[in-house]
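Please look at the sequence and the 3D structure together before reading on.

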Amino acid sequence: STGKFTLLQWIVKGFEAAPVIEHPFKRMIFWCNVLPPKMYADLDKNWPPLSVQHKDRKSGASNHVGYKTADERWKISLHEMMSMPSTRGRRQWKEFDKAKQIWKKVANALFSSQMEKLIWKKLELKHSWKYRDFRIQSDK
């Protein structure tokens, strides 16, 4: 719970209030404070170490917008984090079990049917999704 809201209610409330921007993409949402402050603090303490992340091979594209250290960007998908075998996680990530529980709460809210319907409606999507994911990125 996040005060008077559940995590999902907090996320939905923020998403509904987020403006839809038409440029530089057809439909983009600028969404800040996706999670409550305490959840950000918990995630920060349980951030996936680089040892479980992957070097972002496409990050060089960021150089076009002035990001000078694009080759130092690492990422992991939320799906990958949730399906990581416990043996690998415990070996490479201190407090893996605790971290996975916290990240699972976020994943459950972000991938809920309520959020899916809201995203479809707000972005005016008309075609089925081939794949959906949230990625965690780290700049070394």
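The questions below turn to the core and an aromatic pair. This is a predicted model, in which local features need pLDDT of at least 70, side-chain atom pairs count only at pLDDT 80 or more, and totals for chains, interfaces and linings use all residues. Residues are numbered from 1 along each chain as its sequence is written, and side-chain values use heavy atoms, with hydrogens and water left out.

Q: Which helix gives the most residues to the largest nonpolar core, and how many?
A: A nonpolar core is a set of buried Ala, Val, Leu, Ile, Met, Phe, Trp, Tyr and Cys residues joined through side-chain atoms within 4.5 Å, where buried means under 20% relative accessible area, exposed over 50% and partly exposed in between (1.4 Å probe, protein chains only). The largest core has 31 residues, of which I11, W31, L35, L78, W103 and M115 touch the most other members. Helices are DSSP runs of H or I with at least four residues, strands runs of E with at least two, both numbered from the N terminus; α1 (7-17), α2, α3 (78-83), α5 and α6 (113-123) each supply at least two residues of this core. The largest contribution, 8 residues, comes from α5.

Q: What kind of aromatic pair do F15 and W31 form?
A: Rings of Phe, Tyr and Trp (its six-membered ring) pair if their centres lie within 6.5 Å, and planes under 30 degrees apart count as stacked, over 60 as edge-to-face and the rest as tilted. For F15 and W31 the centres are 4.8 Å apart with 75° between the planes, so by that rule the pair is edge-to-face.
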